[in-house]
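Please open the structure in your viewer and keep the selection panel at hand, since each stop of this tour begins with something to select. The tour goes from single residues to helices, then to a sheet, and ends where the chains meet.

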Amino acid sequence: MGVAVVSLVVALAAGCDAGESGSPAPYAVAADAGIAVGPAPLRRLSDGEYLNALHDLFPGVLPLLPDLPPDVPVAGFDNAAEAQLPSDVLIARYEAIANLYAAALAADTDAVHGLVGCADWSSPALATSCATQFVSQTGGRLFRRTLTGDERERFVTRFQGWQQAVDFEGAVQLTLSSMLQSPQFIYRVEPVPAGSPGSVASVEAYAMATRLSFFLWESVPDDVLLAAASRDELRTEGQLRAQATRMLADDRARRVFWSFPRQWLGLDRILLDEHSVRTPEVDPGWTAASQASASEETELFVENLITQGGHLSDLLTSRRAWVNGEMARIYGLPAPGDPTAWTEVSLPPAERSGLLTRASFLAAFSHRGATSPPVRGNGIQLRLLCQMPISPPPGVDLSQPMAAPGEGPQTNRMLFETRTKPAACQGCHGALNGFGFGLENYNAAGEYQTTDDGLPVDAAGTISGTDVDRPFNGGIALSAALARSSVVHGCATQELLRYALGRAPVAVERPTVAALTSDFTRSGGDIRALLTDIAASPTFRQRVVEEN
Amino acid sequence: MNLRRRQLLQGLGLGVGAGLGVFSRERSALAGAPAAPSRIVFYVQPHGHIPNAWNMAIPGGPADQFAERSLLDLDAADLSPTLRPLYGYRDRLLAIEGLSHTSALADIAAVTRAGTGDLNNHQIGVADVLTGSRALQRTGTYCSGGARTLDQELAMRTAGPGRFDSRVYGFDYIPNSVVSPFSYLGPGQATPMVSDPNAAFSDLLGYAIPAPATTSRADLLRSLRPSVLDAVGREYDLLAPKLGAEGRQKLEQHRALVRELEVSLGSAGPMARCDATFDNTATSVRQFMSLIRLALACDLTRVVTFSAPVPQCPELGYPADATFHGYAHQSILGNTSCGQMYSPLAEQAMTDLDAWHAGHVAYLLQQLDSVSEGAGTLLDHTVVVWVTELATPTHQHFDICTLLAGGCNGYFNTGRYVRYPRTLPTPLPNQPLIGPAHNRLHVSLMQAMGQPDTTFGMTDAVAADGTALSLRGPLTELQRQP
């Protein structure tokens with residue numbers, strides 16, 4: 001490993017230029033039969049995965065928990081292995097949460113019987129047998145595999161010490177707490193496969209069960225997956241496709257259906273503090289409830305569409321929506337009888353289409369008092385097209401342009417055209433404004449508008465930097481064009497692979513990304529098919545044999 | 001424990017102090033440590049300062065040489081508008097004009113030459129201010145802190161049983177994920193920050209476990225927390241060697257922290273000897289200032305970083321539809337690549353914002369000065385470092401305004417306003433001359449905290465005209481002369 005580590009040191013010393021591969025650490029990369037497999041860094045459970053795991057392992061147990069320190073996002077994703085260094089706060093919170101869960105479980109006699117798997121520990125012999133049963137059974141669920149004999153012995157020995165110090169139930173509590181803090185639970189430890197260093201091998205069966213469940217359920221494997229692992233039936237492409245298909249039909253898959261688009265497209269940006277307020281000129285009715293409603297509307301839209309088999313293009317073009325009273329107001333629909341209930345509606349065909357024309361995107365990429373076409377354009381480029389925008393040069397004025405007194409009425413578009421007119425600005429703003437101007441029919445609250453400062457809105461825009469470059473008029477035409485773009489489909493594929501692997505795809509995986517993109521585009525953007533394809537892909541089911 | 005780990009790292013061919021400093025937690029005893037330990041608090045204020053409102057004249061002071069004036073003989077009105085709220089502590093202040101974020105300028109020059117990477121002066125400034133190092137450029141996303149920050153380096157060096165390495169409190173900067181935080185454990189690894197004062201207080205109290213005299217079953221279970229952590233630590237010990245180098249390092253780091261928590265729980269904490277009361281009714285910024293007092297007075301940590309919030313405009317009497325970020329870009333007279341946009345209102349707003357921060361710093365100094373310690377107060381044994389990631393709100397990285405307060409056990413010569421001359425060429429082409437690198441201030445702070453280091457972060461840079469720039473050595477002019 002020495003050589004690879006030295007290269008990391010050099011990279012850091014050199015300021016870590018984002019090289020071709022962007023590989024963040026000294027991981028091995030190898031190719032097998034022409035298919036290259038990227039690194040497999042050790043992954044810790046993200047905050048969301050950790051809490052889902054506790055929820056699924058101990059349903060109905062709901063102790064009040066302290067907050068975990070938030071995961072450090074990389075490119076919007078909270079499960080990046082490269083940003084998972086532990087800290088003293090994290091370790092202290094893991095301890096507190098483990099103790100709270102263990103105490104809550106041990107306080108309930110039925111729960112203890114369930115965890116232990118027996119109910120009579122009245123004699124020393126029975127207690128030993130029950131302790132062994134408990135360690136094997138509960139340890140197996142928490143560690144997502146059969147415990148080794150060595151592990152079982154360690155935990156049983158500790159158990160017995162704690163039983164002497166307190167009592168049997170107390171030992172259950174303390175053992176549970178120790179298991180919940182152990183690396184076998186908190187980390188996704190994968191055994192280094194046998195083979196010559198640098199070669200490629202299948203991921204070990206139980207580790208594969210864990211890969212699948214955290215990818216598709218954001219949580220621990222169920223008994224079916226663990227049983228399949230015990231029979232070594234998570235190896236072939238066919239076996240993995242069958243499991244993925246089964247898992248995507250399960251309710252737990254709703255987590256990835258929301259979590260991935262949320263992180264990829266930044267759909268929770270609307271929940272930032274700055275969007276709790278809109279100026280009265282934009283929308284006198286906007287409150288923190290509007291912000292929360294816009295977010296929930298998007299979650300319902302995305303999750304329902306994908307659960308029902310929706311494609312990527314549907315996310316961009318569908319007019320299906322679930323609205324409450326507040327969203328009906330923002331979308332100009334008749335007020336419903338019960339303003340708190342969410343009802344499915346079809347949005348006005350001349351005004352709305354998919355995500356880019358919904359309040360959560362339009363308001364989240366606006367300022368409080370006005371829209372910002374460059375900010376909206378930036379959102380589209382960075383998120384939907386995976387194009388890293390160039391940051392504004394030093395010293396430019398990023399404030400909202402405003403009409404000087406006495407200049408007469410001007411639309412927001414005219415103000416931005418004046419502001420970004422210098423040639424130095426146009427290098428970037430030609431493209432940014434091209435996207436953003438096309439959305440000027442929607443104000444900073446996401447409401448439809450045909451006039452701005454008393455003048456008619458001009459929503460003519462231009463798509464550039466894609467395979468569907470063209471002039472367009474309005475958000476519906478923009479959405480329709482982008483829904484057909486292979487750049488958008490390629491971006492979704494690359495980012496879903498990032499989500500699945502906990503790291504950005506590296507250069508040697510470009511052929512894999514290209515093949516997945518091509519299948520994804522050919523399927524018409526079938527998101528569930530892409531999830532299945534990735535679950536069965538070589539880069540997901542194989543890993544490089546590292547030198548230990 | 002440290003020795004074992006160091007041996008292990010060396011066994012892997014990873015010498016401590018090599019590029020993998022992020023994983024090493026080397027500690028050194030304070031040589032000839034004074035009775036009261038030295039502490040350091042960083043008050044990090046976003047958005048830079050308005051030099052016109054911060055700087056003070058030095059009558060007769062030469063522009064091309066180091067110059068200084070005493071603050072002790074001044075009236076409140078003689079202090080600059082930004083520094084005026086700190087008048088009551090003028091004997092404890094060391095105001096420093098003229099340093100440069102030289103490592104940030106060198107980074108910007110290098111990224112520009114490379115033609116790839118996130119080249120935003122503001123983000124590079126955030127990544128640089130406490131690292132003094134080049135930012136970490138990451139594929140397809142914004143840049144981030146490229147090295148362990150000064151606060152976290154000092155945290156590792158000054159940590160001990162029963163103490164947190166450091167506490168990082170405060171608020172997200174601009175509330176989006178584009179601008180990175182200020183404190184880093186290592187490249188791209190933000191130090192967790194606690195934003196809720198009540199949670200911060202619970203953390204501090206969390207190191208207290210019941211005395212063995214109590215015998216209730218609940219207390220008995222709680223008293224076994226170190227035993228559970230011991231079992232947990234062993235799992236890390238046993239699993240780590242089975243992994244490849246990258247996974248092994250992660251688990252090693254995790255295990256070290258588990259061990260520290262175990263040791264901390266096992267030691268009789270100093271809480272009993274200090275005032276651990278906490279008033280949670282003040283504003284959250286003030287609550288954090290008093291928590292910092294509590295944490296330092298009770299020796300629960302020796303390093304605190306506070307990431308100050310950016311208030312909403314109405315809080316300072318400006319309109320609700322304005323933002324300080326908006327004002328920032330209009331607050332300095334001069335041309336930009338998109339034209340001239342200076343507004344006197346914006347300059348006033350940013351000046352008022354500076355004074356608002358100065359008021360909070362003053363409150364922190366009052367808190368620290370209220371704790372009697374040895375022959376003086378806690379403030380005498382602490383250095384408060386008020387820094388910001390930009391020189392000006394318009395993203396300039398030279399002519400920085402920096403304030404130190406507190407003597408740090410007599411290391412700094414306070415009660416002065418000092419000015420460094422701008423006589424050095426800069427890494428960026430066609431830019432004015434600059435003053436000494438802030439990396440050298442970082443070295444001074446390391447030494448004030450008893451560390452032997454003579455460099456921090458970047459050590460050398462090259463000016464646009466080819467001149468070699470040294471970023472090494474402390475700023476000796478700041479020290480109290482024996």
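## Starting in chain A

Begin by selecting A:Arg329, which lies in helix H15 (residues 325-330) of chain A. Keep in mind throughout that this is a predicted model. Is A:Arg329 buried or exposed? The answer falls in between: A:Arg329 has 19 C-beta neighbours inside 10 Å and therefore counts as partly exposed, given that a residue is called buried from 20 such atoms upward. Now add A:Pro339 to the selection and draw a distance between the two C-alpha atoms, which are 9.9 Å apart in space, while A:Arg329 and A:Pro339 are ten residues apart in sequence.

## Two loop residues with positive phi

Move next to A:Glu218, whose place is in the loop between H9 and H10 of chain A. The phi of A:Glu218 is near 50°, a positive value in a residue other than glycine. If you colour by neighbour count, A:Glu218 comes out as buried, because 25 other C-beta atoms lie within 10 Å.

For a second case, select A:Asp232, which is found in the loop between H10 and helix H11 (237-248) of chain A. A:Asp232 is not a glycine either, yet has a positive phi of about 55°. Its surroundings can be set beside those of A:Glu218: A:Asp232 has 13 C-beta neighbours inside 10 Å and so counts as partly exposed, whereas A:Glu218 is buried.

## The helix pair H9 and H10 of chain A

Show helix H9 (residues 205-217) and helix H10 (residues 223-230) of chain A as cylinders, and look at how they are placed: the two pack at an angle of about 150°, with their axes 8 Å apart. Because angles over 145 degrees count as roughly antiparallel, H9(A) and H10(A) are described as roughly antiparallel to each other. The crossing of H9(A) and H10(A) is right-handed.

To see what makes the contact, display the side chains of A:Ala205, A:Tyr206, A:Met208, A:Ala209, A:Leu212 and A:Ser213 on H9(A), together with A:Leu225, A:Leu226, A:Ala228 and A:Ala229 on H10(A). Sorted by class, this contact of H9(A) with H10(A) has nine nonpolar residues, one polar residue and no charged ones.

## Across to chain B and its sheet

Turn now to chain B, whose secondary structure comes to 13 helices and 18 strands. Of the 482 residues in chain B, buried residues make up 55%. Among the contacts in chain B between residues at least 6 apart in sequence, 70% join residues at least 24 apart.

Select the open sheet of eight strands in chain B, which has the order S2-S16-S3-S15-S14-S1-S9-S6 and mixed pairing. The edge strands are S2 (67-70) and S6 (167-170) of chain B, each of which pairs on one side only. On average, neighbouring strands of this sheet are turned by 15° against each other, direction ignored. Helix H12 (residues 344-369) of chain B packs on the sheet and touches S1, S14 and S15 of chain B, its direction making about 170° with that of S14(B).

Zoom in on strand S14 (residues 382-388) of chain B, which is mostly covered, with seven of its seven residues buried. From S14(B), B:Thr382, B:Val384, B:Trp386 and B:Thr388 point one way, while B:Val383, B:Val385 and B:Val387 point the other way.

How many bridges join S14(B) to each of S1 and S15? Seven bridges join S14(B) to S1 (residues 39-45) of chain B, and these strands run parallel; three bridges join S14(B) to S15 (residues 400-405) of chain B, and these run antiparallel. B:Val384 is a useful residue to centre on, since B:Val41 stands opposite B:Val384, and in S15(B) the bridge partner of B:Val384 is B:Ala405.

## Where the chains meet

Finally, show both chains and select the contact between them, which takes 75 residues from chain B and 75 residues from chain A. On the side of chain B that touches chain A, helix H9 (residues 245-266) of chain B gives the most, with eleven residues. Coloured by class, that side of chain B has 32 nonpolar, 31 polar and twelve charged residues.

Terms used. Residues numbered from 1 in each chain as written. Chains lettered and ligands numbered in written order. Predicted model: local features only at pLDDT ≥ 70, side-chain atom pairs only at ≥ 80, totals over all residues. Axes fitted to C-alpha atoms, helices over the stretch in contact; angles between N-to-C directions. Helix = DSSP H or I, 4+ residues; strand = E, 2+ residues; numbered from the N terminus. Parallel < 35°, antiparallel > 145°, perpendicular 65-115°, else oblique. Left-handed = near helix turned anticlockwise from the far one by under 90°. Contact = placed C-beta atoms within 7 Å. Nonpolar A, V, L, I, M, F, W, Y, C, P; charged D, E, K, R; others polar. Buried ≥ 20, exposed ≤ 12 C-beta atoms within 10 Å, placed from the backbone. Pairing = 2+ DSSP bridges.
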